[in-house]
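Trainee: I would like to go through this model and ask how each label is earned.
Mentor: Go ahead, and have the structure open beside you.

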Amino acid sequence: MTLEEIRGQDTVPESTARMQGAGKALHELLLSAQRQGCLTAGVYESAKVLNVDPDNVTFCVLAADAEDEGDIALQIHFTLIQAFCCENDIDIVRVGDVQRLAAIVGAGDEAAAPGDLHCILISVSAASAPASPRRGQRPAASGQPG
């Protein structure tokens with residue numbers, strides 16, 4: 001059985017409800033992160049954050065419209081960002097509507113317009129950063145006996 005066959009078995013209202021729920025959750029997550037100042041927008045800006053402080057990045061949104069699918073450079077950036085996120089246990093979601101993301105994060109407002117919304121990172125704010133290490137990492141050894 002293929003994935004297409006499995007998807008064909010889903011009832012349309014059930015699938016639509018799930019997609020709307022996921023979309024609403026992403027919408028609320030983006031708004032909350034933006035209010036807390038934990039949002040980084042743009043492929044290059046995101047790459048800088050991932051290079052400097054990957055331990056505080058918790059979520060990555062990659063967005064591409066139909067016309068972006070032919071942009072080889074953007075697809076290469078997506079592949080590299082996805083690989084980096086997988087190596088660092090950062091959750092990733094891909095969406096197909098850059099204009100909808102612009103509406104959510106306020107790109108219509110010139111003062112807050114981030115410009116490039118093909119990649120959005122959500123980071124842990126400094127105030128809420130946990131003292132414990134990220135998944136799969138060991139705590140740093142201190143030089144003093146415990």
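Mentor: Start with the largest pocket: H2 gives the most to its lining, with six residues. Keep in mind that this is a predicted model.

Trainee: What makes a residue part of that lining, and which residues lie nearest the centre of the pocket?

Mentor: A lining residue has an atom within 4 Å of a pocket point. The largest pocket has 13 such residues, and Gly23, Leu26, Val95, Asp97 and Arg100 lie nearest its centre. H2, S3 and H5 each supply at least two residues of the lining. The space in this pocket is about 290 Å³.

Trainee: How many helices and strands are there in the chain?

Mentor: The chain has five helices and four strands. Along the sequence they follow the pattern α-α-β-α-β-α-β-α-β.

Trainee: What makes the four strands one sheet, and in which order do they lie?

Mentor: Two strands count as paired if at least two bridges are found between them. S2 and S4 have five bridges, in the antiparallel sense, and S1 and S4 are joined by three and also run antiparallel. Both pairs therefore meet the cut-off of at least two bridges. The order in the open sheet is S1-S4-S2-S3, with mixed pairing. On average, neighbouring strands are turned by 15 degrees against each other, direction ignored.

Trainee: Why are S1 and S3 called edge strands?

Mentor: S1 (39-41) and S3 (91-95) each pair on one side only.

Trainee: Which residues stand opposite each other across these pairs?

Mentor: Val61 has Ile120 in S4 as its bridge partner. Leu62 stands opposite Cys119 in S4, and Thr40 stands opposite Leu121 in S4.

Trainee: How do you know that S4 is largely enclosed by the rest of the structure?

Mentor: A residue is buried when its relative accessible area is under 20%. Five of the five residues of S4 are buried, so the label of largely enclosed follows. Cys119, Leu121 and Ser123 point one way from the strand, while Ile120 and Ile122 point the other way. For the chain of 146 residues, 28% count as buried.

Trainee: What makes a group of residues a nonpolar core, and which have the most contacts inside the largest one?

Mentor: The members must be buried residues of the nonpolar kinds, joined through side-chain atoms within 4.5 Å. The largest core has 16 residues, and Leu30, Val61, Leu101, Leu117 and Ile120 have the most contacts inside it. Two or more residues come from each of H2 (12-35), S2 (57-63), H5 (98-105) and S4 (119-123). H5 gives the most, with five. A second, separate core has 13 residues, including Val43, Leu74, Phe78 and Ile90.

Trainee: How is H5 placed on the sheet?

Mentor: H5 packs on the sheet and touches S1, S2, S3 and S4. The direction of H5 makes about 135 degrees with that of S2.

Trainee: Why is Asp89 called partly exposed?

Mentor: Buried needs under 20% and exposed needs over 50%. Asp89 has 32% relative accessibility, so it counts as partly exposed. Asp89 is in the loop between H4 (72-87) and S3. Asp89 also has a positive phi of about 55 degrees, although it is not a glycine.

Methods. Residues numbered from 1 in each chain as written. Predicted model: local features only at pLDDT ≥ 70, side-chain atom pairs only at ≥ 80, totals over all residues. Heavy atoms only, no water. Buried < 20%, exposed > 50% of the residue type's maximum accessible area, 1.4 Å probe, protein only. Axes fitted to C-alpha atoms, helices over the stretch in contact; angles between N-to-C directions. Contact = heavy atoms within 4.5 Å. 1 Å grid on protein atoms, 1.4 Å probe; cavity = no way out; pocket = protein on both sides within 12 Å on 5 of 7 lines; lining within 4 Å. Points joined across faces, edges and corners; volume = space filled by probe spheres on them.
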